Amino acid sequence: MSETNGSGEQVVKVLWGTPSESHIAWQSYENHKDLAFYMGAKQMEGLILHQNPRYEFYMKSIGRSFTPLAREQLCEEAVKHNMDYILMTDDDMLYPRDLAFRLLAHK
């Protein structure tokens with residue numbers, strides 16, 4: 001599913017999906033902002049340095065829904081938009097900022 005752009009770079013698309021119950025602790029909120037900032041910075045670094053493969057990250061949150069249903073909807077979005085991977089996180093957990101890259105290193 002990954003695409004190759006005009007200059008021969010492989011572009012890998014990752015959907016970061018989170019079912020949200022809309023009542024998270026501030027620590028989780030701050031952690032998720034940090035995670036998003038880090039992924040965005042690494043995405044831009046890859047673009048500027050012409051890294052191959054290059055990663056594009058997309059975010060989607062589905063709130064106030066039955067969590068298993070929200071997860072299914074997130075997967076449907078990933079398929080609909082031809083994502084290569086989906087990173088599914090919970091809204092009340094803390095993650096290392098390089099979580100996506102740790103997982104992508106293992107494909």
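**Close-up views of the predicted model**

**View 1. The largest pocket and the elements around it.** Strand β2 (10-20), helix α1 and strand β3 each put at least two residues into the lining of the largest pocket. Keep in mind that everything in these views comes from a predicted model. The space in this pocket comes to about 190 Å³. Rolling a probe the size of a water molecule over the atoms is what shows where empty space is left. The lining of the largest pocket takes in W16, T18, S20, I24, Y29, H32, K33, M59, K60, S61 and D91. Sorted by class, that lining is a mix of four nonpolar, four polar and three charged residues.

**View 2. T18, a lining residue in strand β2.** T18 is one of the residues that line the largest pocket, and its place is in strand β2. Is T18 buried or exposed? With a relative accessible area of 9%, T18 is buried, because the cut-off for that label is under 20%. For a sense of scale, look across to H81, which is 63 residues from T18 along the chain. The C-alpha atoms of T18 and H81 are 16 Å apart.

**View 3. The largest nonpolar core.** Which residues make up the largest nonpolar core? There are eleven: V12, V14, W16, L35, M39, F57, L87, Y95, L99, A100 and L104. β2, α1 and α3 each chip in at least two residues of this core. W16 turns up in the core and also in the lining of the largest pocket. F57 is a core member too, and it returns in the aromatic cluster of the next view.

**View 4. An aromatic cluster with F101 in it.** Y38, Y55, F57 and F101 come together as one aromatic cluster. A pair of aromatic rings is described by the distance of the centres and the angle of the planes. With ring centres required to lie within 6.5 Å, the count comes to four aromatic pairs. Take Y38 and F101: their ring centres are 6.0 Å apart and their planes sit at 85 degrees, so this pair is edge-to-face. That contact ties together distant parts of the chain, with Y38 in helix α1 (residues 26-49) and F101 in helix α3 (residues 99-104), 63 residues apart. F101 itself is partly exposed, at 22% relative accessibility. Now swing over to Y55 and F101: here the ring centres are 6.0 Å apart and the planes are at 85 degrees, so this pair is edge-to-face as well. Y55 belongs to strand β3 (residues 54-63) and F101 to helix α3, 46 residues apart, which makes this another link between distant parts of the chain.

**View 5. A lysine over the F101 ring.** What lies over the face of F101? That would be K42, at 6.0 Å from the ring centre. The ring of F101 also takes part in the pairs with Y38 and Y55.

**View 6. A78 in helix α2.** A78 has its place in helix α2 (residues 67-80). Its relative accessible area is 8%, so A78 counts as buried. K13 and A78 are 65 residues apart along the chain, and their C-alpha atoms are separated by 9.2 Å.

**View 7. Two loops with backbone features to look at.** Begin with the loop between α1 and β3, where P53 is found. The peptide bond from N52 to P53 is cis, and its omega is near 5 degrees. Then go to the loop between β3 and α2, home of R64. Phi of R64 is near 50 degrees, a positive value in a residue that isn't glycine. R64 is exposed, with 72% relative accessibility, because that label calls for over 50%.

**View 8. The segment after α3.** Both H106 and K107 are in the segment after α3. K107 has a positive phi, near 55 degrees, in a residue other than glycine. Are these residues buried or exposed? K107 counts as exposed at 75% relative accessibility, and H106 is exposed at 70%. How far is H106 from G8? Along the sequence H106 and G8 are 98 residues apart, and in space their C-alpha atoms are 22 Å apart.

Notes. Residues numbered from 1 in each chain as written. Predicted model: local features only at pLDDT ≥ 70, side-chain atom pairs only at ≥ 80, totals over all residues. Heavy atoms only, no water. Phe/Tyr/Trp six-rings, centres within 6.5 Å; stacked < 30°, edge-to-face > 60°. Helix = DSSP H or I, 4+ residues; strand = E, 2+ residues; numbered from the N terminus. Buried < 20%, exposed > 50% of the residue type's maximum accessible area, 1.4 Å probe, protein only. Lys NZ or Arg CZ within 6 Å of the ring centre and 35° of its normal. 1 Å grid on protein atoms, 1.4 Å probe; cavity = no way out; pocket = protein on both sides within 12 Å on 5 of 7 lines; lining within 4 Å. Points joined across faces, edges and corners; volume = space filled by probe spheres on them. Nonpolar A, V, L, I, M, F, W, Y, C, P; charged D, E, K, R; others polar. Core = buried A, V, L, I, M, F, W, Y, C linked by side-chain atoms within 4.5 Å.
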